Amino acid sequence: MSKAITQSVSELIASANEAKEKSEAKFSHFRVGAAIKTEAGDVYSAFNIESSSYGLSMCAERIALWTAITAGESKFKRIAIVSDAKDFCTPCGACRQVLYELAGDIEVYMTNMKGEVKKQKLSSLIPEAFTSKTLLNGRD
Ligand SMILES: [Zn+2]
């Protein structure tokens with residue numbers, strides 16, 4: 001648990017909270033916001049979007065990452081994830097995989113409704129992740 005967060009982290013969390021307010025979680029009402037920061041300092045934020053065909057819904061974390069990648073970004077530093085849950089909102093398994101593979105071992109900041117902030121390296125959330133190295137292992 002990080003007690004003294006840096007200004008840039010609190011700004012990233014604020015961006016995630018701002019995105020969460022626009023959440024399209026009309027079925028679950030579980031609003032999530034995410035903001036990912038590049039190594040150059042640019043921030044891309046997003047919110048979760050649900051479909052009436054539930055399986056087609058998409059998490060805020062992946063939308064934020066894909067928005068950044070679409071804009072040409074490839075080097076990332078950290079992501080902030082916020083929700084309305086009492087507990088810290090950790091990324092789902094699919095987001096852990098995609099974030100690790102495309103953003104690397106970034107810092108993950110999660111908040112809870114008490115305003116507490118928890119920081120973890122992504123590798124601690126998805127140990128021994130499947131990556132392109134695994135996929136290409138054995139190939140020349
Ligand atoms: Zn997810």
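This is a short tour of a predicted model, stop by stop, with something to select at each one.

**Stop 1: the sheet**

Start by showing the strands as a cartoon. You should find an open sheet of five strands, and reading across it gives the order β2-β1-β3-β4-β5, with mixed pairing. Now colour β2 (43-47) and β5 (117-121): these stand at the edges with a single partner strand each, so one side of each has no neighbour in the sheet. If you turn the view to look along the sheet, neighbouring strands are turned by 15° against each other on average, direction ignored.

**Stop 2: a strand pair inside the sheet**

Next, select residues 76-83 and 107-111. These are β3 and β4, which run parallel and are joined by four bridges. Which residue of β4 does R78 stand opposite? Show the two as sticks and you will see that R78 faces E107. As background, strands of a sheet pair through backbone hydrogen bonds, either parallel or antiparallel.

**Stop 3: the zinc ion**

Now centre on the zinc ion and show C59, C92 and C95. Their SG atoms are the protein donors, lying 2.3 Å from the ion. Along the sequence, these donor residues follow the spacing C-x32-C-x2-C. Are C92 and C95 buried or exposed? Switch on a surface to compare them. C92 has 32% relative accessibility and therefore counts as partly exposed, while C95, at 0%, counts as buried.

**Stop 4: two helices**

Select α2 (60-70) and α3 (93-103). Two packed helices are described by the angle between their axes and the distance between the axes. Here the axes of α2 and α3 come within 9 Å and cross at roughly 25°. Because angles under 35 degrees count as roughly parallel, α2 is roughly parallel to α3. The crossing of α2 and α3 is left-handed.

**Stop 5: the nonpolar cores**

Finish inside the protein. In soluble globular proteins, nonpolar side chains tend to be buried together. The largest nonpolar core in this model has 26 residues, and I36, I79, L99 and I106 are those with the most contacts inside it. Colour by element to see where its residues come from: β1 (32-38), β2, α2, β3, α3, β4 and α4 (122-125) each supply at least two. Which of them gives the most to this core? That is α2, with five residues. For a last selection, pick V9, I13, A80 and V82, which are among the nine residues of another core lying apart from the largest one.

How values were computed. Residues are numbered from 1 along each chain as its sequence is written. This is a predicted model: local features need pLDDT of at least 70, side-chain atom pairs count only at pLDDT 80 or more; totals for chains, interfaces and linings use all residues. Side-chain values use heavy atoms; hydrogens and water are left out. Two strands pair if DSSP finds at least two bridges between them. Axes are lines fitted to C-alpha atoms, for helices over the stretch in contact, and angles run from 0 to 180 degrees between N-to-C directions. Donors are N, O and S atoms within 2.8 Å of the metal (3.2 Å for Na, K and Ca); water is not among the atoms, so sites may look incomplete. Buried means under 20% relative accessible area, exposed over 50%, partly exposed in between (1.4 Å probe, protein chains only). A nonpolar core is a set of buried Ala, Val, Leu, Ile, Met, Phe, Trp, Tyr and Cys residues joined through side-chain atoms within 4.5 Å. Angles under 35 degrees count as roughly parallel, over 145 as roughly antiparallel, 65 to 115 as roughly perpendicular and the rest as oblique. A crossing is left-handed if the near helix is turned anticlockwise from the far one by less than a right angle, and right-handed if clockwise.
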